[in-house]
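Below is a short report on one protein chain. It covers the fold, the ring pairs, the nonpolar cores and the charged pairs.

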Amino acid sequence: MFGFNFVKFQPSEYVMKVKNGKVVREGVGLSFYYYAPTTSVVVVPVSSIDVPFMFEDMTNDFQAVTVQGQLTYRIVDYRRTTQILNYTYDLKERRYISDDPSKLAQRVINIAKVLTKKYLERVPLKEAVQSSERLAQNMTKDIAQHTEMEKLGIEVMGLSILAILPNKETMRALEAQAREEILRSADHALYERRNASIEQERRVKENELNTEIAVETKKRQIRETQLDAERSVKQKQSEMKEEQLRFDTALEEKKRELIELTVTNKKAEADAKAYELTAVMKSLQDVEPNVLQAMANMDMSPDKLIAIAFQELAENAGKIGQLNITPDLLQGLMSDTGTSGSAGSRGSGGRAR
């Protein structure tokens, strides 16, 4: 009424009431009466603003990539921002009277694009595709230090790179190359596994051969030890045989010497007996036979004497006409064989007379 109106703003809006070119009141979420012909209102958003972006750029190896991401910022110096951009608000239409508020987001995106271009010019395609996190960190740091951001009075709260994508043909080529690398890696792993299996089998065979060699070596050592033992035994047996032969030889030598000595002794004894007999025979050659017979019958037993007497009787049987032998004499002769020599001598002596 009469040009006086009432207005109320939200807590997310910073409001500056300008009258006759001077800020007469400012703050967050103000509400006041104003006179429309002489009052202007500048409204700046307090809350953060999310700005998605997507643009194409070129890598170091002249490959086109598309960068997708989102940037979050907020206005921290309201007066500096309003000095550069027009944030005048039409209270009647409830909108900004210019396009400057929407241009702020584009300016921030342009800064991000310049920094992204500066980064991508230094890296090849493969590294760029895999460097989203590193690019976001570098861009956040560089944007925070950018002079234009300070002049605009804004602060970057966060920046994230969702994807860095090449075109479809390049993507298929990269996929094919990566697929080939994966297949080569799989083949390499297969070859490595086969080589490892072959190597392991070779080691097993070598261990088996080494075991066989060790067993054969041990057998050879055992056989050599047995042969050495047998040789030692045979050597001992040979030594024992030689010693036995030497002992037998010495014994035979002793026997031979003994036999020779015995023969010599017997020969000497025979010679002595022969000499004795010769001497006896020489001494008896002139003696009468009857004398010799009597000498031979000396110290002879009675039964032998009787036997000689009967022999003489038998020899002279032709000269004897009649011979009477009494039973007493015959009984005495028969009993003399079982009696003592003295008794026989007494019986036979009586009958001879």
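The report moves from the whole chain to single residue pairs.

## Overall picture

This is a predicted model. The chain has 353 residues, and 22% of them count as buried. Its secondary structure comes to 10 helices and 10 strands. The accessible surface is about 25700 Å². Carbon and sulfur atoms hold 54% of that surface. Among contacts with a separation of 6 or more, 62% join residues 24 or more positions apart.

## Strands and sheets

Five strands build an open sheet in the order E3-E2-E5-E8-E9, with antiparallel pairing. Strand E3 (22–28) and strand E9 (95–96) are its edges, and each pairs on one side only. Inside the order, strand E5 (residues 39–45) and strand E8 (residues 88–90) run antiparallel and are joined by 2 bridges. There, Val42 of E5 stands opposite Thr88 in E8.

Other strand pairs involve E7. Strand E6 (residues 49–58) and strand E7 (residues 64–75) are antiparallel over 10 bridges. Phe53 has Gly69 in E7 as its bridge partner. E6 and E7 make a hairpin with 5 residues between them. In that turn, Phe62 has a positive phi of about 60°.

E7 also pairs with strand E10 (residues 154–166), again antiparallel, through 11 bridges. Val67 has Ile164 in E10 as its bridge partner.

## Aromatic pairs

How many aromatic pairs does a search of the whole structure find? The search returns 8. Tyr14 and Tyr78 are stacked because their ring centres lie 4.1 Å apart with the planes at 10°. This pair links distant parts of the chain: Tyr14 sits in strand E2 (residues 13–19), Tyr78 in helix H1 (residues 78–84), and 64 residues separate them. Both partners are covered: Tyr14 is buried at 14% relative accessible area, and Tyr78 is buried at 16%.

Tyr87 and Tyr96 make an edge-to-face pair, with 5.6 Å between centres and 90° between planes. Tyr87 is buried at 3% relative accessibility. Tyr96 is partly exposed at 24%. The cut-off explains the labels: buried means under 20% relative accessible area. Tyr87 and Tyr96 also belong to a cluster in which ring pairs link Phe9, Phe32, Tyr87, Tyr89 and Tyr96.

## Nonpolar cores

In soluble globular proteins, nonpolar side chains tend to be buried together. Here the largest nonpolar core has 40 residues. The residues with the most contacts inside this core are Leu71, Tyr73, Leu104, Ile143, Ile154 and Ile161. Helix H2 (residues 100–120) gives the most to the core, with 9 residues.

What does Tyr73 touch, beyond residues up to four places away in sequence? Its contacts include Ile49, Val51, Leu104, Ala105, Val108, Ile154 and Glu155.

Another core lies apart from the largest one. This core has 10 residues, among them Phe9, Phe32, Tyr34 and Leu91. Phe9 and Phe32 also appear in the ring cluster.

## Salt bridges

Side chains of opposite charge can pair when their charged atoms come close. A search of the whole structure finds 19 salt bridges. Three of them are listed here.

| Pair | Closest N to O | Relative accessibility |
|---|---|---|
| Arg74 and Glu155 | 3.3 Å | Arg74 28%, Glu155 36% |
| Glu201 and Lys205 | 3.7 Å | Glu201 43%, Lys205 46% |
| Glu206 and Arg202 | 2.3 Å | Glu206 35%, Arg202 36% |

Arg74 lies in strand E7 and Glu155 in strand E10, so their salt bridge ties together parts that are 81 residues apart in sequence. Arg74 is partly exposed, and so is Glu155. Glu155 is also among the residues that Tyr73 touches.

Where do Glu201 and Lys205 lie? They sit in helix H6 (residues 168–284), and they are separated by about one helical turn because they are 4 residues apart. Glu206 and Arg202 are likewise both in helix H6, 4 residues apart, about one turn of the helix. Glu201 is partly exposed, as is Lys205. Glu206 also counts as partly exposed, and Arg202 does too.

Arg202 and Glu206 are part of a wider set. A network of salt bridges links Glu199, Arg202, Arg203 and Glu206.

Key. Residues are numbered from 1 along each chain as its sequence is written. This is a predicted model: local features need pLDDT of at least 70, side-chain atom pairs count only at pLDDT 80 or more; totals for chains, interfaces and linings use all residues. Side-chain values use heavy atoms; hydrogens and water are left out. Buried means under 20% relative accessible area, exposed over 50%, partly exposed in between (1.4 Å probe, protein chains only). Contact means heavy atoms within 4.5 Å. Accessible areas come from the Shrake-Rupley method with a 1.4 Å probe; for residues, only the protein chains shown count as cover. Two strands pair if DSSP finds at least two bridges between them. Rings of Phe, Tyr and Trp (its six-membered ring) pair if their centres lie within 6.5 Å; planes under 30 degrees apart count as stacked, over 60 as edge-to-face and the rest as tilted. A nonpolar core is a set of buried Ala, Val, Leu, Ile, Met, Phe, Trp, Tyr and Cys residues joined through side-chain atoms within 4.5 Å. A salt bridge is a side-chain nitrogen of Lys or Arg within 4 Å of a carboxyl oxygen of Asp or Glu.
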